[in-house]
Structure formats: structure tokens, C-alpha cells
Amino acid sequence: MGRRPPVSDVLREALARVAGQLGGDGAAWVLERPREAGHGDLATNLAMVLAKAQKAPPRKVAERVIAALDLPPGVVSRTEIAGPGFINFWLAEDQLAASLRTIAAAGSDYGRHNFGAGVKVNVEFVSANPTGPLHVGHGRGAALGDGIAALLEWSGHTVTREFYINDAGVQIDRLALSLWARVQQAVGRQAEIPEGGYHGDYLKEDAAQVLAREGPAFADLPAEQGIARCRELGPLLQREQQDRDLATFGVRFRVFFSEQSIYDRGGIDSTLRLLHERGLTFEEDGALWFRTSAYGDDQDRVLRKRDGSYTYFLPDIAYHVDKHDRGFDRVIDVWGADHHGYIPRVRAALRALGYPEDFFTVAVVQLVKVVRGGEEVKMSKRSGEFVTLRDLFEEVGVDAARYFFLMRRSDSQFVFDVDLAKSQTEENPVFYVQMAHARMSGIFRVAGLDPASLSGDARVEALPTEDDRALLKKLTAFPEVTARAAREQEPHRITGYLEELARLAHAWYHKCRVLGETPDIEQARLTLARASQIVLANGLGLLGLSAPDRM
RNA sequence: GCGCCCGUAGCUCAGUUGGAUAGAGCAUCAGCCUUCUAAGCUGAGGGUCCCAGGUUCGAAUCCUGGCGGGCGCACCA
């Protein structure tokens, strides 16, 4: 980003050279932004890490490090040794001015990186069975998967968003039987939802649709024929519904991958053959097994049952083989916590096939609990009563729903407070962040200026207050945050950053007048407002959220 | 019983890959609108980082053992 490397890189490289000279090659030191403003703009623990090799107290080593440090002029204005041996750096004014120009020049690209260039990644998420509506858990998976995909794109990866359709198992038979029963009920006949079937009211609506499509005589077909047709229509109608929900939710997939297509193309047999050739299978008790225990799973797993049918495991291996064959360097599966026990066996299978260890990773999404009015909203798929994703985002709005799903680490359970998500006050973090953006836009609206017309040139000396500086410094941290979030696949780092930034932006807005100040200050603050607007918009956009100009 | 995740302020949660005096929001209390959006800002109080050991210059963070909560442990998907 920009024409010259970020200051932190310049410093890091210089420190690395010193580390090499002082016998600290490969030592695990860091250069980071201290929490405390009094600890400088950047700080390193290098001296403490080198202390042992140097056989000297850390503060003494710090002096040697500083003496050996060879920095170009105009980078650092002050250096200090602090605490047990930290070296704190204050950046030169030049650097702050440069960062304003960098932000303005990069615009909507500010925060992007290229370290993932050339790496093809498949992110598979949601992958709901085509047997019912998406519920809130799918929503969390959708927001997370899309967020991870976006983070990877922002760091230069080539990303494919993919949805796996489980359209081949017994659940489809159950859906067909349940739908047929609803069709019969719709024409006034007695019919029971079968054991293990789907009781939700949505199938009543589907039955009405089926009758509308196929004509009223459809219900009079012989059961076998009617059920066969329901087997086609049921999943189709559910898929259509899911796609509508996902589209409204702002999530688009490039690939919808059908499980049935694996069977149809002979992927099952070819995978079986592949495993057999590698000596990974054996027969026992009339079943065919995969020797997964030799690859990290705690037991061997059945591929083909005694009755000749396949377990779910086999098509799942075939599916991941297919992803590998399609040329992906990495695949990331977003799974609900209730499937986490399944990870070791898939990992074992892919390991057995000789795929790289980092080829396959799973982002586990923990449970979502929905709370309204202080009460948990219970859901039960069995009784057919549950909170659908659509119910949720129609009540709180798409932006709020997506933001809430992303604002916590995915691997901890999450309480979705519906009342909070709906509130239009500072308590609501989505609102708070979007409001900060709207305020920045408001300055330009009142000034009658096109924010894009600002070059980014400003005299940093014309940003005199602590609030000016704090906001500017926060803006410069954005690229580091996106990089870290992408590496860790943790979108919640972005929401956390945005909230911190919004707090500084609101405080700045309140305390620092822009329009009507001296020309110098007005120009500098307009530039700062522009930069803030860019970073807020980029952060929100990255997460798939809107950045309104007025609210 | 075994495995995975979680345990941090009254509540919801962060915590920069082992760093400096553990942070934020909400809630509580006290203030702030002639000003680009008060849909906001400022300040105060609030902690056994679940417990006990260990590793080291240094542990909320890593290791071991407990305790508590959640989710899994199929020839189901």
C-alpha cells in the first residue's frame, strides 16, 4: 500500500539486522503497538529476548541494540528504554503525514494485502440440508464463512465460496414422505408425518406450492409416484427458499456442490479404489473400513456398511478429494459445533492421502442462543418450532444480524440479544460504528465538498490535539488488523477494531471542530475526516455491511 | 468414562501469538446540547483473570491436575 513500505516494516527489518549481529537469529521477538500511549508508537521486546545470549541485563542490551540500530532519517523521532527492557519508538511527524496520504491514495483498497497472492482457497460454509429453512446457527456460519472469505480476498487470496448440498441421504427420503403427507392433508385426507420426518409448518406451504405447480390431481397419484415427485420437489423448494434468505442476507456462493453428483459421476467408486490402492482399507464383520486410527483418529471408521450402503464418511472424503483435484491449495470448512467430533476422521483421511497438513482446516461455529426480553427463545427442530434466520434478520435488520454474528470469536458460545440488535442507540455496536461513518460524511455534506477530492496532503502540525493524534494513529493500524485477522481467520478482530476506531472518531468529532477553524487546521481535519471515513467504510464493507452517509 | 470448545468487572465480551499498572461496552453514579447529527461526549466506582501446582527475567496467555458449563463420542447424516 503506497509507494514506500510501512514504517513498522522498516523498523522491523532494522531490528532484525541488529538481532542477527547480536546472536539472536531466529529469536522470537516482536515489534508491536503498545496499549499505553505513554509507551510510544511501536515497541519491541528484542533486548529482553537477547539478554540471555548477550549475558547481560535487558536494559544494558537495549543500549547496545539502540547503538547498533541503523535507521534511515525521518522515521523515528524518539527512542527510549523502558520498564524491564522494552525499547519504545515514537514515529516522526513525517510518518504521520505520509500515512494520511497513503490512506487517501489507497481509498477503498486501504487495508488490502498481497501476501495471499497465488493461493487458491475454498471456503465451504452454511451447507444446510435442503430439508428446512435456515436457522440462526446457519446465520452465524454464513456471516463467519463470508467474513473469512472476504478477509482472505483482502489479503490477496483467490477465494471460492462454496455450499455443499446434502441431497443424497435418507433425510431426503424422509422429506419426501413428510411432504407427501402434507399434500394429502392439504386436500383434506388423513395422513401422518412419518417417524423421523419433518414436522415444521413450512412443509404445509410447500405442499400448497406443489399442488399449485402440479395441479390438484397430483394428490390422487399412486403414493409411490407422488412420493418420487416429492423427492424431487421437496429439496428444490427448500433450496430456493434458502437461496432467497442467503441473498437477502448478502451472501453469495460461487459453487453449489451436490452430494448426489458425487455418486452420479462415479466419485464414490474412484475414491474407494484410491483408498484401496493405497492399502488404507480392510474388511471386517462384513463391512469395509478405513484405517483412520493410523492417521490420528481414535478409531477406524466404516466406509461401507454391512448392508452394502455407504456411510456419510465416504462421500465426504470423495468431496474433499474433489476439492483437492480442483486445484485448491487450502480448503476451509465452516462447521457447527455439533460436528466437531467429525474433524479428526476427515483430517485423518486427507492425511492418509498424503495431502499437506495445512490443506484442510475447520472453523467451528459454536451454538447461538437467542434472547429476547431477557428470555431465551427456545428452538426445537423436532417440534418444528425454531427461530429462522429470516425471522431474525427481518426483525433486527441484515446489518445488525451480520455484525452481531461476527463480533464474537466463533469458537465461543454466543448470546444474540434481539433487543440490543434492534436498538438504535449507542448501546448497539453496529449503530455506533455506522453512526461514526455517517458523521464523517456529514462534515463533507455541510461543507459542500466531495470527500474524494481530498488529496491527503495535510500538515500534521495542524492537528494539534491528543484527539487528533489518537484518531490518526488508530487509522494507521488498520492494515495490521486486517492482516492479522486474515491470518487467524478471525473476523471479530475487525469488529473490535471498528468499535475502538468509532469511539475515537466520536470523541474527536465532539471535541475537534473542523469547519470554520483556521484554513490550516480545517484542511488537516478534513483530511483526517476523509481518512476516517475511508477506514470505517472499508472495515464495514469487508464484513459485508453498509456504511451509510446519513442515518 | 474419553475427546473438543469455553471459564476474565454485576452482565456481554476483548486481550496484539509469554510482556509494562488486565481493557471495552452495557448497567450504576456524577456531569455536558448557541457548535459539522446529544442516534453523541466527559468523568467515577467496580477484578482471587475458576482453583492448585509447574515452566522463567516475566503467565489471563504455555504445561500438569482438578472444578464448572457447552458440544460430541454410530455400520445416523
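**View 1. Strand 12, a mostly covered strand.** In this predicted model, strand 12 covers residues 360-365, and 5 of its 6 residues are buried. Its neighbour here is strand 11 (residues 330-336): the two run parallel and are joined by 6 bridges. To find one of those pairings by eye, look for aspartate 333, whose bridge partner in strand 12 is valine 362. Now follow the chain between the strands. Together with helix 12 (residues 343-352), strand 11 and strand 12 build a right-handed β-α-β unit. A handy thing to remember while you look at any regular strand is that its side chains alternate between the two faces of the sheet.

**View 2. Helix 2 meets helix 3.** Here we zoom in on helix 2 (residues 46-54) and helix 3 (residues 58-68), whose axes lie 8 Å apart and make an angle of about 105 degrees. Angles of 65 to 115 degrees count as roughly perpendicular, and that is therefore how helix 2 and helix 3 sit relative to each other. On the helix 2 side, the contact is made by Leu46, Ala47, Met48, Leu50, Ala51 and Gln54. Helix 3 answers with Pro58, Val61, Ala62, Arg64 and Val65. As you trace these residues, keep in mind that an α-helix has 3.6 residues a turn, so residues three or four places apart point the same way.

**View 3. Helix 14, mostly tucked away.** Helix 14 spans residues 398-406, and 8 of its 9 residues are buried. Try picking them out: Asp399, Ala400, Ala401, Arg402, Tyr403, Phe404, Phe405 and Leu406.

**View 4. An open sheet of 3 strands.** Reading across this sheet, the strand order is 14-13-15, and the pairing is mixed. Strand 14 (375-376) and strand 15 (414-417) are at the edges with a single partner strand each, so each has one side without a neighbour in the sheet. Strand 13 (residues 368-372) and strand 14 run antiparallel, joined by 2 bridges. For a landmark, find valine 371, which stands opposite glutamate 376 in strand 14.

**View 5. Two buried cysteines.** Let's finish with cysteine 230 and cysteine 512. Are they buried or exposed? Buried means under 20% relative accessible area. Cysteine 230 has a value of 0%, so it is buried. Cysteine 512 comes in at 3%, so cysteine 512 counts as buried too. How many disulfides does the model have? The count is 0 disulfides. In case the term is new to you, a disulfide is a covalent bond between the sulfur atoms of two cysteines.

How values were computed:
Residues numbered from 1 in each chain as written. Chains lettered and ligands numbered in written order. Predicted model: local features only at pLDDT ≥ 70, side-chain atom pairs only at ≥ 80, totals over all residues. Heavy atoms only, no water. Disulfide = S-S within 2.5 Å. Buried < 20%, exposed > 50% of the residue type's maximum accessible area, 1.4 Å probe, protein only. Helix = DSSP H or I, 4+ residues; strand = E, 2+ residues; numbered from the N terminus. Pairing = 2+ DSSP bridges. Right-handed = clockwise from strand over helix to strand, strands pointing away. Axes fitted to C-alpha atoms, helices over the stretch in contact; angles between N-to-C directions. Parallel < 35°, antiparallel > 145°, perpendicular 65-115°, else oblique. Contact = heavy atoms within 4.5 Å.
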